[in-house]
Each structure stands twice: as structure tokens, then as C-alpha cells.
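Let's take a friendly walk through a protein model. Have the sequence and the 3D view ready, and look for the residues as they come up.

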Amino acid sequence: MSKKSSADMRQHLINIAKALMAEKGYTAVGLAELVAAAGVPKGSFYYYFKSKEEFGQALLDDYFSSYLQTVDALLAGPGNARERLLAYFDNWSATQASSAPEGKCLVVKLGAEVCDLSVDMGAVLQRGTGAILERLTLCVEAGHLDGSVATTTPARMLAESLYQLWLGASLMVKVARSGGPFDSAMVTTQRLLS
């Protein structure tokens with residue numbers, strides 16, 4: 001491996017961990033496995049991160065930073081607000097039903113696990129999911145204005161209901177090992193947006 005700057009090495013460790021933890025979870029991935037997969041000596045991990053918890057916070061911050069760019073692109077895409085919301089959930093279904101760990105939702109995979117382990121990691125999850133909900137709320141409000149979202153449900157309440165529906169569907173996809181829960185979630189989403 002070529003010599004990398006400290007920031008590059010931190011990012012390299014985070015990138016490797018995203019795939020590992022999306023597949024196995026936070027506690028199931030030990031530091032030995034992570035540094036071996038990253039090709040760095042175990043002791044050097046603590047040069048880049050004070051603890052596994054600090055690393056977990058950096059991992060989640062990085063995940064949300066990247067994911068929010070995807071959300072922004074999808075919700076700013078073509079069509080009316082309803083079509084943009086449906087595009088966002090179509091993308092969710094496509095990426096989360098895939099067997100590849102890259103692109104998996106770390107909120108679904110790590111949320112319950114790390115909130116019980118770390119208040120600080122829970123706070124990162126709270127901020128990140130709050131940012132997603134803000135974007136969904138704005139899109140629902142746009143749908144109220146352009147007439148494509150005809151429901152009288154308040155925008156924030158509808159955004160929360162949709163996001164929670166899809167988080168639950170993601171969990172059920174894991175349990176059922178089938179994309180069927182996403183099909184049901186899409187039918188419900190279309191109904192809620194009517």
C-alpha cells in the first residue's frame with residue numbers, strides 16, 4: 001500500500017468498515033478484522049481514532065454525509081414532488097434489496113445495536129435521521145404546493161410515517177430474505193401520498 005496521509009488513512013479505514021459493518025454489524029467486526037482488511041497494523045488504528053466508539057461516530061458521520069448527497073440528488077430530480085419521493089423510495093428498494101453490502105442502510109443495520117452501546121453514536125444517528133426527515137418533509141411540502149401530494153396529513157407527520165415504514169420494511173426484508181416487504185411498502189407509500 002502506498003504511503004497515505006493521516007486523513008486518507010482515516011477515510012480508508014472508514015470505507016473498509018462500511019462494507020464490513022453493513023454485512024456483520026458493529027460489535028461483530030473486531031479491530032483485528034478491520035485493520036487486516038484495511039492492510040494496516042493493529043496498533044496504528046489508535047493513531048487515527050482514540051477508540052472504536054470514536055471510530056463508530058466517524059463512520060456514521062461519513063455514512064450520513066454521503067447518503068444525504070444521494071437523498072438531495074433524488075429529491076431534486078425530475079418530475080413533481082410525488083414522483084421525486086417515489087424515485088427516492090424506488091432507489092431505497094433497489095439498494096437495500098441487493099445482496100451487495102455496499103450502499104446498505106447503516107441506520108437499519110446498526111441503529112438498535114449502537115444506540116444501546118453509545119450515547120454519542122446514538123446522537124449521530126439522531127442528527128442523521130433528522131436531516132433525512134427534514135428533506136423528506138420539504139419534498140412533501142412541495143407536493144402539497146404543486147398538488148401532487150393530495151393528502152391533508154401534515155408534511156412532517158407524513159414524512160416520518162413514510163421513513164418509519166421503509167425502515168420497518170428494510171428490517172422485514174432481512175427477516176424474510178425477500179424483497180416482498182418493499183413491494184408492500186411501495187403500495188402503502190403510493191396510498192399515503194394520494
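Nine side chains make a good starting point: Tyr63, Phe64, Tyr67, Tyr88, Phe89, Trp92, Tyr163, Trp166 and Phe182 form one aromatic cluster. Keep in mind that you are looking at a predicted model. A search through the whole structure turns up 15 aromatic pairs. How do we describe such a pair? We give the distance between the ring centres and the angle between the ring planes.

Take Tyr88 and Trp92, two members of the cluster. Their rings lie 5.9 Å apart, centre to centre, with 85° between the planes. The pair counts as edge-to-face because that angle is over 60 degrees. Both residues belong to helix α5 (residues 81-96), where they are four residues apart, so about one helical turn separates them. Are these two residues buried or exposed? Tyr88 is buried, with a relative accessible area of 1%, and Trp92 is buried as well, at 3%.

Now move along to Trp166 and Phe182. Their ring centres are 5.5 Å apart and their planes meet at 20°, so this pair is stacked. Here the two partners come from distant parts of the chain: Trp166 sits in helix α8 (residues 155-176) and Phe182 in helix α9 (residues 180-193), 16 residues apart. Trp166 has a relative accessibility of 0% and counts as buried; Phe182, at 1%, counts as buried too.

Tyr88 deserves a second look. The largest nonpolar core has 60 residues, and Leu13, Phe55, Tyr88 and Leu136 are the ones that touch the most other members. Which helix gives this core its largest share? That is helix α4 (residues 52-75), which supplies ten residues. To see how one core residue reaches its surroundings, click on Leu136. Setting aside neighbours within four places in sequence, Leu136 is in contact with Leu75, Leu85, Tyr88, Phe89, Ala159 and Tyr163. Among these partners, Tyr88, Phe89 and Tyr163 are also members of the aromatic cluster.

Two more places are worth a visit. At Tyr26, the charged end of Lys52 sits over the ring, 4.4 Å from the ring centre. Then find Ala38 in helix α2 (residues 31-38). Ala38 is buried, with a relative accessible area of 2%. Although 26 residues in sequence separate Ala38 from His12, their C-alpha atoms are 7.1 Å apart in space.

Conventions
Residues numbered from 1 in each chain as written. Predicted model: local features only at pLDDT ≥ 70, side-chain atom pairs only at ≥ 80, totals over all residues. Heavy atoms only, no water. Phe/Tyr/Trp six-rings, centres within 6.5 Å; stacked < 30°, edge-to-face > 60°. Helix = DSSP H or I, 4+ residues; strand = E, 2+ residues; numbered from the N terminus. Buried < 20%, exposed > 50% of the residue type's maximum accessible area, 1.4 Å probe, protein only. Lys NZ or Arg CZ within 6 Å of the ring centre and 35° of its normal. Core = buried A, V, L, I, M, F, W, Y, C linked by side-chain atoms within 4.5 Å. Contact = heavy atoms within 4.5 Å.
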